[in-house]
Amino acid sequence: MKLRTTDISMPFEHVWLSGELVHAPDVEGLAVVLRPAGSPFAQSRDLRVARELQQAGFATLLLNLLTAYEEARDPDARFNVPQMANRVVAALDWIGHQPPLAGLGVGLVASDTASGAAIRAGWKAGDRLSAIVCRAGRPDLAGLTPLNTLAVPLRMVVGSDDPHAGTIRQACEHLRCPHDWHVLPGASDEFREPGAIEHFGQLAAAWLRDKLPAPGPVEQRIHDGTAAAPTSGGSAEQSPPPHPL
């Protein structure tokens, strides 16, 4: 499988969100890896998760839910879960207008406060998603109603040494959707231990493989791995305008 990488800028209201799409015609589905950040992807654990998913046969869209300006201006911007959830829903709209991605099942992979955003987005746009995988994080920030009424199958993975595991477990007790709970021995809340992030990527890939629908025949899909322009809001390849200071 020959993967093609495309840097994208995705429009949302008055900002542009940065992303990296890695795609091939014969992938098993699309994993959208969500970051509650605006910093570069290089050396991030999310990038390592994306690479693990690619090795498992999935296309990936690594997406920053904040701009670099927002992250620098307000350290608490990553706690605005409703705003980030709306951006995830907008990303799902964007995906739906990209011919190279037509016919692919979509799953969300999230961590930190993006776990809450993924659950909230799944609650709002569950008809466009087939699975969610959370690497611990803050599912409690999704809100009680989204947790209670989410229908998208969810896998939660926590480290055995995560001091917040109890809070995460309490939030997951509200779930009524198909879900499971995995504990990685020896892993902390940030999964920095050797092999921990790769093990998470394997668990995420297994959940997506089980829950995403089979893709349509390759010959019926566009073989060009570049992202097509969205129908509104500008081109995916267009440089974003400078943010007003």
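## Exercises on a predicted model

Helices α3 and α4 are oblique to each other. This is a predicted model, and the exercises below start from that pair of helices.

**Exercise 1.** Work out why α3 and α4 count as oblique to each other.

*Solution.* Start with the geometry: α3 covers residues 81-96, α4 covers residues 114-124, and they pack at an angle of about 55°. Now check the cut-offs: under 35 degrees would be roughly parallel, 65 to 115 roughly perpendicular, over 145 roughly antiparallel, and the rest is oblique. The angle of about 55° fits none of the three named ranges, so the pair is oblique. To finish the picture, the axes lie 8 Å apart, and the crossing is right-handed.

**Exercise 2.** Find which residues make the contact of α3 with α4, and sort them by type.

*Solution.* Take the α3 side to begin with: V81, P82, M84, A85, N86, V88 and V89 take part. Then move over to α4, which brings A114, G116, A117, R120, A121 and K124. Sorting these residues gives nine nonpolar, two polar and two charged.

**Exercise 3.** Decide how much of α4 is covered, and by what.

*Solution.* Go along the helix and count: eight of the eleven residues in α4 are buried, so "mostly covered" is a fair description. The buried ones are A114, S115, G116, A117, A118, I119, A121 and G122. Next, look for their partners. These buried residues pack against the helices α3 and α5 (144-149), and also against the strands β3 (30-35), β5 (106-111), β6 (131-135) and β7 (154-159).

**Exercise 4.** Compare two loop residues, T67 and N80: is each one buried or partly exposed?

*Solution.* Place them before anything else. T67 sits in the loop between β4 (59-64) and α2 (68-73), while N80 sits in the loop between α2 and α3. Now apply the cut-off: buried means under 20% relative accessible area. T67 has 11% relative accessibility, so T67 is buried. N80 has a relative accessible area of 34%, so N80 is partly exposed. Leaving aside residues up to four places away in sequence, T67 touches V15, W16, L17, G38 and R87. As for N80, its C-alpha atom is 9.4 Å from that of P36, though 44 residues separate the two along the chain.

**Exercise 5.** Step back and describe the whole protein chain.

*Solution.* Count the elements: there are seven helices and eight strands. Then check burial: 53% of the 245 residues are buried. Finally, turn to the surface, where the chain exposes about 10600 Å², with 51% of that supplied by carbon and sulfur atoms.

Methods. Residues numbered from 1 in each chain as written. Predicted model: local features only at pLDDT ≥ 70, side-chain atom pairs only at ≥ 80, totals over all residues. Heavy atoms only, no water. Axes fitted to C-alpha atoms, helices over the stretch in contact; angles between N-to-C directions. Helix = DSSP H or I, 4+ residues; strand = E, 2+ residues; numbered from the N terminus. Left-handed = near helix turned anticlockwise from the far one by under 90°. Contact = heavy atoms within 4.5 Å. Nonpolar A, V, L, I, M, F, W, Y, C, P; charged D, E, K, R; others polar. Buried < 20%, exposed > 50% of the residue type's maximum accessible area, 1.4 Å probe, protein only. Areas by Shrake-Rupley, 256 points an atom, 1.4 Å probe, with all protein chains shown as cover.
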